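Morning, everyone. Please bring up the sequence and the structure, and I'll walk you through a few spots.

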2 protein chains.
Amino acid sequence: MTDPILDAIRWNESGLVPAIAQQYDTGRVLMVAWMNREALSATLKEGRAVYWSRSRQKLWRKGEESGHVQHLREIRTDCDSDVLLLQVDQAGGIACHTGRHSCFYRRQEGGVWQDVEPVIRDPGEIYAKGAGGKSV
Amino acid sequence: MTDPILDAIRWNESGLVPAIAQQYDTGRVLMVAWMNREALSATLKEGRAVYWSRSRQKLWRKGEESGHVQHLREIRTDCDSDVLLLQVDQAGGIACHTGRHSCFYRRQEGGVWQDVEPVIRDPGEIYAKGAGGKSV
């Protein structure tokens, strides 16, 4: 099926593009994942970030286990149409599976990567609870 | 040569990872390009964004033609060590080869991608002048 939004994107040889999720009001970059046509289409329809999990080879509705849904505010692409940028509102303030706000918590300092952000919630707790309840 | 920073990154099958450049004081995502070991090493040594150009298959010192250098403030990686996030100060306020502030100037609106950001400087002018002068 043709769709001006999906057809304009230059999907890579695996049918994917990177998608950046940014917290809409603070500008913090939360994470990067991948989308295929189906994921982008679902994201737009459902108003929440839906990625393509390369490891599980299936759609990944962000927050489906953890409750940490990313509510979509806006979506952009770049001049080359090969990256997506999502403005989202991160439920629970936790995007990372490590229980941190952002996945980008490791900063180059003195020639090594240093963890510079606190764990907000223990991942064991997030995913144990998440199995029973899909949303926050 | 071993290096804790370079060795920690999970380079893809082509030896690359995506690198996001973000304007350090506003949080605007400026662009996404690619880095290999050599590019990341050069970025850290030179204090400016150096990417790997997949089309030209060589290092790309951002701003080498346009003068639109990205001065490095900070660099992070994510929980999977397969994406880099650079906080930069964008010289000239123009990251995009189209003459716009950010490459992410196309927003989904009503089922199509709409240009929503002004061209600050004509690309013809940027690159004609750029050929003669490498820095701003």
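Start at K58(B). This residue sits in strand β4 of chain B, residues 58–61. Keep in mind that this is a predicted model. Is K58(B) buried or exposed? Count the C-beta atoms around the residue. There are 10 others within 10 Å, and 12 or fewer counts as exposed. So K58(B) is exposed. Now look for A39(B). Along the chain, A39(B) and K58(B) are 19 residues apart. Their C-alpha atoms are separated by 9.3 Å.

Next, the sheet. Which strands form it, and in what order? Read across: β2(A), β1(A), β6(A), β5(A), then β7(B) and β8(B). That is 6 strands in an open sheet, with mixed pairing. At the edges stand β2 of chain A, residues 29–35, and β8 of chain B, residues 112–115. Each has a single partner strand, so one side of each is left without a neighbour in the sheet. From one strand to the next, the twist averages 35°.

As a reminder, strands of a sheet pair through backbone hydrogen bonds, either parallel or antiparallel.

Now zoom in on β7 of chain B, residues 106–109. On one pairing, β7(B) meets β8(B), antiparallel, over 4 bridges. Within that pairing, E109(B) has V112(B) in β8(B) as its bridge partner. On another pairing, β7(B) meets strand β5 of chain A, residues 70–77. Those two also run antiparallel, joined by 2 bridges. There, T77(A) stands opposite R106(B).

That brings us to the contact between the chains. How many residues of chain B are in contact with chain A? The count is 30, and they touch 30 residues of chain A. Several elements of chain B each supply at least two residues to that side: α1, β1, β2, β5, β7 and β8. The most comes from β5(B), with 4 residues. By class, the side of chain B that touches chain A has 18 nonpolar, 7 polar and 5 charged residues.

Last topic, symmetry. Lay chain B on chain A, and the RMSD is 0.0 Å. The operation is a turn of 180° with a shift of 0.0 Å along the axis. The two copies are thus related as by a two-fold rotation axis. Which residue of chain B comes closest to that axis? G27(B), with its C-alpha at 2.4 Å. And 100% of the interface residues of chain B are also interface residues in chain A, so the copies meet through the same surface.

Over to you for questions.

Key
Residues are numbered from 1 along each chain as its sequence is written. Chains are lettered from A and ligands numbered from 1 in the order in which they are written. This is a predicted model: local features need pLDDT of at least 70, side-chain atom pairs count only at pLDDT 80 or more; totals for chains, interfaces and linings use all residues. Copies are superposed by least squares on the C-alpha atoms of residues with pLDDT of at least 70 in both. Two residues are in contact if their C-beta atoms, placed from the backbone, lie within 7 Å. Two strands pair if DSSP finds at least two bridges between them. Axes are lines fitted to C-alpha atoms, for helices over the stretch in contact, and angles run from 0 to 180 degrees between N-to-C directions. A residue is buried if 20 or more other C-beta atoms lie within 10 Å of its own, exposed if 12 or fewer, and partly exposed in between; C-beta atoms are placed from the backbone. Ala, Val, Leu, Ile, Met, Phe, Trp, Tyr, Cys and Pro count as nonpolar, Asp, Glu, Lys and Arg as charged, and the others, Gly among them, as polar.
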